[in-house]
There are 2 protein chains.
Amino acid sequence: MARLTRRGFIKRAGAVGAGTAAAAVVAAPAIAQTMPELKWRMTASWPKSLDALYGSAEHFARSVAAATDNKFQIQTFAAGEIVGGLQASDAVSAGTVEMAHTAPYYYWGKDPTFALCCATPFGLNARMQNAWWREGGGEGLANAFFAKHNIYGLLAGNTLAQMGGWFRKEINTPDDLKGLKMRIAGFAGAVMARVGVIPQQLAGGDIYPALEKGTIDATEWVGPYDDEKLGFYKVAKFYYYPGWWEGGTMIHVHVNKAKWEELPKNYQQVLRDAAAEAHNHTIARYDAGNPQAIKRLVAAGTQLRPFSEATLDVCHKAANELYAEISAKNEDFKKIWDSIKAFRLDQYLWLQVADGTYDNYMMVQHRKKAL
Amino acid sequence: MARLTRRGFIKRAGAVGAGTAAAAVVAAPAIAQTMPELKWRMTASWPKSLDALYGSAEHFARSVAAATDNKFQIQTFAAGEIVGGLQASDAVSAGTVEMAHTAPYYYWGKDPTFALCCATPFGLNARMQNAWWREGGGEGLANAFFAKHNIYGLLAGNTLAQMGGWFRKEINTPDDLKGLKMRIAGFAGAVMARVGVIPQQLAGGDIYPALEKGTIDATEWVGPYDDEKLGFYKVAKFYYYPGWWEGGTMIHVHVNKAKWEELPKNYQQVLRDAAAEAHNHTIARYDAGNPQAIKRLVAAGTQLRPFSEATLDVCHKAANELYAEISAKNEDFKKIWDSIKAFRLDQYLWLQVADGTYDNYMMVQHRKKAL
């Protein structure tokens with residue numbers, strides 16, 4: 001790069017003379033300030049095989065490089081290459097890496113407030129998350145909290161509403177959840193425990209054999225596009241929906257706060273815009289990939305099952321109890337949950353009018369084979 | 001800016017000596033290629049009073065300036081300042097301005113294919129439009145068509161599902177549409193004409209007096225946030241939903257194709273990323289503003305009414321007839337409509353599973369006052 005630049009300069013100076021060279025001298029220092037050459041590392045919470053998520057981290061890095069003429073380069077690392085997937089943001093807090101591509105609810109054990117900045121049971125859907133983040137005070141609230149952990153967060157993706165997961169037997173009533181050994185963690189696991197499930201913590205690679213042997217009865221993961229790759233449909237027949245604990249899971253780029261603040265303003269804007277680009281890229285990948293995957297899964301014998309309203313109701317009640325309990329003892333949590341709850345009330349009022357009726361009419365047409 | 005830069009240079013050269021100054025000289029020409037100072041003009045299809053839309057054009061311009069340290073400046077103009085709102089992309093085609101912020105269906109009279117790159121009756125919702133554009137071949141198809149008009153299009157916003165508009169009397173059956181004088185244009189107007197409506201073409205400012213005097217019986221506009229500003233609720237009591245002709249209206253930044261191709265690659269990326277940022281900004285503005293506006297409208301006496309299923313069905317049938325007729329004689333239209341139709345089929349299959357059931361459960365909870 002330096003060599004090419006020097007040649008370019010010599011050629012240019014020769015062609016147009018000293019006046020231009022002098023002008024270039026004057027222009028240079030401002031550029032040295034605003035377009036520094038940076039090489040950052042971003043550790044992701046995903047293996048490379050989850051190409052919608054890991055691919056979104058790569059997409060983000062490519063956008064930043066392209067927008068800065070390769071001056072700002074971000075090297076992406078899969079889970080385990082630098083730190084484990086569930087330690088990605090810890091590495092950012094500690095300054096081991098400049099960035100993480102992650103889902104903040106992984107850090108719920110440290111403080112449940114992290115989960116509110118990601119997805120919690122019966123929370124906002126993907127579009128509402130974007131609106132809450134930008135216009136509902138979410139960005140400010142989340143970053144005031146993240147700052148305590150030395151993190152600056154950018155909203156950079158969403159998995160959309162997830163599936164309820166894979167079950168070896170049918171769940172017809174809330175009682176069928178009692179004693180069920182299910183691989184589910186975090187906030188959702190805590191709610192599940194209240195309705196009788198025995199939550200299990202298992203890393204991605206250990207789930208399939210446990211489900212096959214019957215060591216666990218059920219597992220949740222993401223949705224058809226990602227789940228298909230892990231092969232759960234071969235060892236658990238019933239695929240339940242919706243994943244009431246993840247109505248719209250926010251994916252973040254977490255930046256070390258000091259590193260963020262040192263950036264020139266133009267690079268901060270480049271990162272913001274690249275995060276929006278990655279956000280829409282991720283959503284499009286899931287929206288385009290999920291219908292194809294669900295068709296293949298059903299063709300392979302998967303039985304789709306909705307959770308019954310009674311099942312959802314007991315889970316909703318348990319979730320509300322947990323929200324109240326944590327709010328009573330955690331001020332950050334209460335502040336953010338109150339904000340989300342008020343926003344959710346308005347969003348689900350309005351959704352019943354234009355978008356909800358439009359989509360419901362179209363879904364009816366789909367069933368009538370009229371599309 | 002130049003003065004500050006010169007001072008900066010002198011200070012820097014003095015402090016660190018001739019070696020650094022020489023390095024700065026070497027670095028300059030590459031920057032001259034990739035960070036040129038540009039001042040472009042963007043003409044919008046909206047008045048400044050429609051702050052969600054015009055504000056989105058400004059947001060886009062601000063992002064581009066901020067990401068390039070003010071080197072790439074885009075000045076925004078409201079409808080009528082350079083050309084009328086419905087001529088915005090014509091000005092881009094002709095090279096009068098470098099950019100337009102617009103809704104492509106305004107150019108449907110020139111070629112109905114423009115409407116498919118924006119919103120047509122019973123088409124995709126906002127999220128599906130994003131997925132079709134990015135992963136369903138939409139961007140390539142639309143830009144192959146736009147190229148014939150010397151335009152390069154960037155997806156830069158969405159109005160979300162719109163409302164069916166303001167009616168002076170109730171529409172209970174499809175027969176109530178017969179003879180109705182309604183302000184509605186383009187593709188939607190052509191479908192409405194098939195079900196007995198007499199479509200009227202009226203500029204924004206002329207609608208209110210016409211509706212007040214009864215010269216027209218109904219009008220459509222956008223949704224609560226924008227409609228409230230025009231005051232229709234004072235002269236028409238019934239507010240119908242959904243706007244079946246705009247399930248997710250795409251807002252574009254149209255760039256003069258030759259100007260786009262002349263841009264350094266990094267500036268092209270800056271525009272792409274800023275378009276994604278503006279896209280999410282616009283959606284958030286509408287999502288945050290619409291619930292507040294609908295509550296105020298209802299408090300002021302507006303009666304919300306859903307179109308009956310029978311009414312939607314006759315309109316859907318009429319729309320399908322029109323799609324078939326235009327497809328038979330317009331190859332570009334057929335190619336893009338076939339792509340959208342196939343994509344829509346998969347999208348509304350999948351929506352019935354995770355997102356649809358999640359949102360429907362939450363809407364039921366809203367009605368039960370359980371949120």
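**Sheets, contacts and the A–B interface**

Helix 6 (residues 126-135) of chain A lies across strand 4 and strand 10 (250-256) of chain A, and runs at about 150 degrees to strand 4 of chain A. Helix 12 (residues 265-299) of chain A also packs on the sheet; this helix touches strand 1, strand 2, strand 3 (99-102) and strand 4 of chain A, and its direction makes about 30 degrees with that of strand 4. This is a predicted model: local features need pLDDT of at least 70, side-chain atom pairs count only at pLDDT 80 or more, and totals for chains, interfaces and linings use all residues. Residues are numbered from 1 along each chain as its sequence is written, chains are lettered from A and ligands numbered from 1 in the order written, and side-chain values use heavy atoms, leaving out hydrogens and water.

**Terms for the elements**
- Helices (H or I, at least four residues) and strands (E, at least two) are DSSP runs, numbered from the N terminus.
- Contact means heavy atoms within 4.5 Å.
- Axes are lines fitted to C-alpha atoms, for helices over the stretch in contact; angles run from 0 to 180 degrees between N-to-C directions.

**Five-stranded sheet, chain A**
- The sheet is open and mixed, with 5 strands in the order 2-1-3-10-4 (two strands pair if DSSP finds at least two bridges between them).
- Strand 2 (72-77) and strand 4 (151-158) of chain A are the edges, each pairing on one side only.
- On average, neighbouring strands of this sheet are turned by 25 degrees against each other, direction ignored.
- Strand 1 (residues 38-44) of chain A runs parallel to strand 2 of chain A, joined to it by 6 bridges.
- Within strand 2 of chain A, Gln75(A) is the residue opposite Arg41(A).

**Six-stranded sheet, chain B**
- Chain B has an open sheet of 6 strands in the order 7-6-8-5-9-11, again with mixed pairing.
- Its edges are strand 7 (198-200) and strand 11 (303-306) of chain B, each paired on one side only.
- Strand 6 (residues 181-183) and strand 7 of chain B pair in the parallel sense over 3 bridges.
- Arg183(B) has Gln200(B), in strand 7 of chain B, as its bridge partner.

**Rings and charges**
- The whole structure holds 44 aromatic pairs over all chains. Rings of Phe, Tyr and Trp (its six-membered ring) pair if their centres lie within 6.5 Å; planes under 30 degrees apart count as stacked, over 60 as edge-to-face and the rest as tilted.
- One aromatic cluster is formed by Trp108(A), Phe187(A), Tyr323(A), Phe333(A) and Trp337(A).
- Arg41(A) places its charged end over the ring of Phe77(A), 5.8 Å from the centre. The criterion is NZ of Lys or CZ of Arg within 6 Å of the ring centre and within 35 degrees of the ring normal.
- In chain B, Arg41(B) lies over the face of Phe77(B), at 5.8 Å from the ring centre.

**Interface**
- The contact takes 94 residues from chain A and 93 residues from chain B.
- About 8700 Å² is buried between the chains, 64% of it from carbon and sulfur atoms. Buried area is the accessible area (1.4 Å probe) that two parts lose on being put together, summed over both.
- Trp350(B), Tyr358(B) and Tyr361(B) supply 9% of the area that chain B buries against chain A, more than any other three residues.
- Chain B and chain A share 10 salt bridges. Each is a side-chain nitrogen of Lys or Arg within 4 Å of a carboxyl oxygen of Asp or Glu.
- Lys295(A) and Asp346(B) meet in a salt bridge, 2.7 Å from N to O.

**Backbone**
- Most residues other than glycine have a negative phi, and most peptide bonds are trans.
- The bond from Tyr241(A) to Pro242(A) is cis, with omega near -10 degrees. Pro242(A) is in the loop between strand 9 (238-241) and strand 10 of chain A.
- The bond from Tyr241(B) to Pro242(B) is cis, with omega near -10 degrees.
- Asn70(B) has a positive phi, near 65 degrees. This residue is in the loop between helix 3 (51-67) and strand 2 (72-77) of chain B.
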